[in-house]
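Thanks for coming. I'll take a few minutes on one model, starting with its pocket and then turning to the ligand.

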Amino acid sequence: MSESPPPVPVGEPGGHIRRAVCPGSFDPVTNGHLDIIGRAAHLYDELVVAVFINQAKSSLFTVEERRELLTDVTADYGNVRIDSFHGLVVDYCREHGISVIVKGLRAVSDFDYELQMAQMNRGLAGVDTLFMPTNPEYSFLASSLVKEIAKWGGDVSSLVPPNVLKGLIERASATE
Ligand code: PNS
């Protein structure tokens, strides 16, 4: 019986790069997102954080601003890349050789919809989804709440990284 050859180490010619995508609106990125991004970056050779361009939804930060904020806060991770996409996430995966989508789950309430999307994405293109439970410290955290609190002058300094805080304060003072 012939033995199968040993796997080619990552980084060598023919090596298999394990690449995942963390898609989302990131309007704006929060400490909860960063927790998931940091942990996922340890699991894969390359993690792409992809901002979904959704013309049907109004946003506080432009796609470019969201990308810049993400680039800043992930600068210490050598294997995290920031991108944006429109259309289906599975098409993005196909075009970029990505076989796994990483999603954070805050609570059971997230699960129904996330499971539905995960099963749909697997059915559509064979792309699997890895669910990561968020750190309980962030289980209540959502970009929408952060925006609402910041808009009315509430303190969100423990919920978002400093560059995002600065952006939120600038926007809140511009609409006063
Ligand atoms: O941060 P969000 O808004 O919860 O992220 C949702 C997102 C962007 C991950 C999800 O809406 C998505 O994957 N959109 C891309 C379009 C798509 O593929 N839709 C079909 C999903 S089954």
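Which element gives the most to the lining of the largest pocket? That is α4, with eight residues. Before going further, please keep in mind that this is a predicted model.

First, the chain as a whole. Its secondary structure comes to six helices and five strands. Reading from the N terminus, the order is β-α-β-α-β-α-β-α-β-α-α. If you draw a box along the principal axes, the C-alpha atoms fill roughly 75 × 35 × 30 Å.

Now the pocket. The largest pocket holds about 1300 Å³ of space. Its lining is made of 45 residues, and P23, G24, S25, K103 and E114 are the ones that lie nearest the centre. Besides α4, the elements that each supply at least two residues of this lining include β1, α1, which is 31–43, and α2, which is 63–73. Further along the chain, β4 at 100–105, β5 at 128–133 and α5 at 143–151 are also among them. By class, the lining divides into 21 nonpolar, 16 polar and eight charged residues.

On to the ligand. Where does the ligand sit? It sits in the largest pocket, the one I have just described. Two elements, β1 at 19–24 and α4 at 108–125, give two or more residues to the shell around the ligand. Of these, α4 comes up again: it gives the most to that shell, with three residues.

The shell has 13 residues, and those that come nearest the ligand are S25, F52, G87, L88 and V89. S25 is a residue you have heard already, as one of those nearest the centre of the largest pocket. Sorted by class, the shell has seven nonpolar, four polar and two charged residues.

What about polar contacts? I have two to show, and both involve an oxygen atom of the ligand. In one, a polar atom in the side chain of S25 lies 2.5 Å from the ligand oxygen. In the other, the partner is a polar backbone atom of V89, at 2.9 Å.

How much of the ligand's accessible area does the protein cover? On its own the ligand has 550 Å² of accessible area, and the protein covers 72% of that.

To recap: the ligand sits in the largest pocket, α4 gives the most both to the lining of that pocket and to the shell around the ligand, and S25 and V89 make the polar contacts I showed. That is what I have for today.

Note on methods: Residues numbered from 1 in each chain as written. Predicted model: local features only at pLDDT ≥ 70, side-chain atom pairs only at ≥ 80, totals over all residues. Heavy atoms only, no water. Near = heavy atom within 4 Å. Polar contact = N/O pair within 3.5 Å; in protein donor to acceptor, adjacent residues only side chain to side chain. Areas by Shrake-Rupley, 256 points an atom, 1.4 Å probe, with all protein chains shown as cover. 1 Å grid on protein atoms, 1.4 Å probe; cavity = no way out; pocket = protein on both sides within 12 Å on 5 of 7 lines; lining within 4 Å. Sits in = over half its atoms within 2 Å of the grid points. Helix = DSSP H or I, 4+ residues; strand = E, 2+ residues; numbered from the N terminus. Nonpolar A, V, L, I, M, F, W, Y, C, P; charged D, E, K, R; others polar. Points joined across faces, edges and corners; volume = space filled by probe spheres on them.
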